[in-house]
Amino acid sequence: MRTILITGPGGSGRTTVAAATALRAAGNGTRTLVLSADRTDTLGAALGLRTGSKPVQAGPHLTAWRPDATAGFRDDLAGFQERASTVLDLLGASRLDPEEVTPLPGAEELTLLRALRDAALAEAHDLLVVDLPPTAQALALLALPEELRRYLRRLLPPERQAARALRPVLGRLAGVPMPAEWLYETTARWDVELAAVEAVLADRDTVVRLVAEPGPAGADAVRDARLGLALRALPVESLVANRVLPEAAADDGWLGRLVTQQRKVLGEWGGTARTVAHLGHDPRGADDLTALGVPGVNTATSPVEWLVADRLAEDGVLVWHLPLPGAIRDELDLIRRGDELVLAAGPFRRIVPLPSALRRCTVEGAALRDGELRIRFAPDPGLWPQGR
């Protein structure tokens, strides 16, 4: 199943483009599911129908779903209270009723990740179109599964599972089941769920469609988005220049100045952007979405590869190639910490595990050339296999 994650700066029309993308794919006979995390029904407004917590048929081969964060949060809390009932009773804690529960900030995004995982595992569709939040929130959301799994491994490393052997003895002494077992079981379940989401995001058939209006703010947002996505090794399937004004308006006073501004940015994007015309009104319903003429799904998108080049024979080093388009040398920062690399590029930061061969090396230097970061590693004689 192919997954298209759609994002862009706030107000760029990303939800409309997501709806139009899904509608076009469905019109070609592709079984398509479009997902949105918006608390308000902007997806339904674009499609011309009401969407909600249950998937609805939005047309032939097209399903729309806007998961309910409140219901999901209530279910999670009820499950937590049930599993922790012994500990809560021991502490004298009173339980919360479902009616008094409201979702915490970020619940919509977490609900969207869960829906993304469930939809991918169900394999009931050929294409999944995901209307993500605005770019900054979307990048934080896409980083969440990897970062949470890392936190869980650091706070509760799997090696400590050996403590389970003490649980029966401690339970008999205390007279109540000890929470350590439940804690590790919960952590293991979370890790499995997060790993499933991470697998969907890392799949070679998962791509990102960027949506932006061609203007100074849109150009800056696209530049930052490309860098942030590259740091997460997520390929950009296409750049959609939305709400492009007609050239006929070039002589129409202040509207003409907007046309000139858009033309300039489109030129800077070098023809890589697919333009979507401004309809003169907010698109509503299938006819308007079809009239937008959004590009079809680009199946030729290549995954982002972080390759290790063997230059041992020539230069005595291994070189790790990390594509980082738009990165600026002065805004790059690298820190080697054990078997991990802390990489900061502009406003973005990621901690990545080193490939196994590089863990037995020392960092010799790094260079940024043509939008690619090249990190040189020299074998550590004390750790490198003999004769290599």
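How many bridges join β6 to strand β7? Let us start there, keeping in mind that this is a predicted model. Five bridges link β6 to β7 (residues 236-244), and the two strands run parallel. One pair you can pick out is Arg-209, whose bridge partner in β7 is Ser-238.

Now turn to the other neighbour of β6. Strand β1 (residues 2-7) is joined to β6 by five bridges, again with the two strands running parallel. Along this pairing, Leu-5 has Val-208 of β6 as its bridge partner, and Thr-7 stands opposite Leu-210 in β6.

Step back and these strands fall into place within an open sheet of eight strands, ordered β3-β4-β2-β5-β1-β6-β7-β8, in which the pairing is mixed. At the edges stand β3 (56-59) and β8 (273-277); each has a single partner strand, so one side of each is left without a neighbour in the sheet. From one strand to the next, the twist averages 25 degrees.

Strand β6 itself deserves a closer look. This strand covers residues 206-212, and seven of its seven residues are buried. Follow the side chains and you will see Thr-206, Val-208, Leu-210 and Ala-212 pointing one way, with Val-207, Arg-209 and Val-211 pointing the other way; all of them are buried. Notice that Arg-209, the partner of Ser-238 in β7, is part of this buried set.

What packs on this sheet, touching β6 and β7? The answer is helix α9, whose direction makes about 165 degrees with that of β6.

That helix leads us to the interior. In soluble globular proteins, nonpolar side chains tend to be buried together. Here the largest nonpolar core has 58 residues, and those with the most contacts inside it are Leu-35, Val-130, Leu-132, Trp-269 and Trp-320. Helix α9 (residues 216-231) gives the most to this core, with seven residues. Apart from this core lies another, of 26 residues, which includes Ile-4, Val-17, Ala-19 and Ala-22.

Trp-269 is a good residue to zoom in on. Leaving aside neighbours within four places in sequence, Trp-269 is in contact with Ala-212, Glu-213, Pro-214, Gly-218, Ala-219, Val-222, Leu-239 and Ala-241. Among these partners, Ala-212 belongs to the buried residues of β6.

Next, let us visit a pair of helices. Two packed helices are described by the angle between their axes and the distance between the axes. For α1 (residues 14-27) and α11 (residues 285-292), the axes come within 9 Å and cross at roughly 90 degrees. The two helices are therefore roughly perpendicular to each other. On the α1 side the contact is made by Thr-16, Ala-19, Ala-20 and Leu-23, and on the α11 side by Ala-286, Leu-289, Thr-290 and Leu-292. Sorted by class, that contact has six nonpolar, two polar and no charged residues. Ala-19, one of the contact residues of α1, is also among the members of the 26-residue core.

Our last stop is another open sheet, this one of four strands in the order β9-β10-β15-β14, with antiparallel pairing. Its edges are β9 (307-311) and β14 (361-369), each with a single partner strand, so one side of each is left without a neighbour in the sheet. Ignoring direction, neighbouring strands here are turned by 25 degrees against each other on average. Eight bridges join β14 to β15 (residues 372-379), and these two strands run antiparallel. To locate their pairing in the model, look for Arg-369, which stands opposite Glu-372 in β15.

Definitions and conventions:
Residues are numbered from 1 along each chain as its sequence is written. This is a predicted model: local features need pLDDT of at least 70, side-chain atom pairs count only at pLDDT 80 or more; totals for chains, interfaces and linings use all residues. Side-chain values use heavy atoms; hydrogens and water are left out. A nonpolar core is a set of buried Ala, Val, Leu, Ile, Met, Phe, Trp, Tyr and Cys residues joined through side-chain atoms within 4.5 Å. Buried means under 20% relative accessible area, exposed over 50%, partly exposed in between (1.4 Å probe, protein chains only). Contact means heavy atoms within 4.5 Å. Axes are lines fitted to C-alpha atoms, for helices over the stretch in contact, and angles run from 0 to 180 degrees between N-to-C directions. Angles under 35 degrees count as roughly parallel, over 145 as roughly antiparallel, 65 to 115 as roughly perpendicular and the rest as oblique. Ala, Val, Leu, Ile, Met, Phe, Trp, Tyr, Cys and Pro count as nonpolar, Asp, Glu, Lys and Arg as charged, and the others, Gly among them, as polar. Two strands pair if DSSP finds at least two bridges between them.
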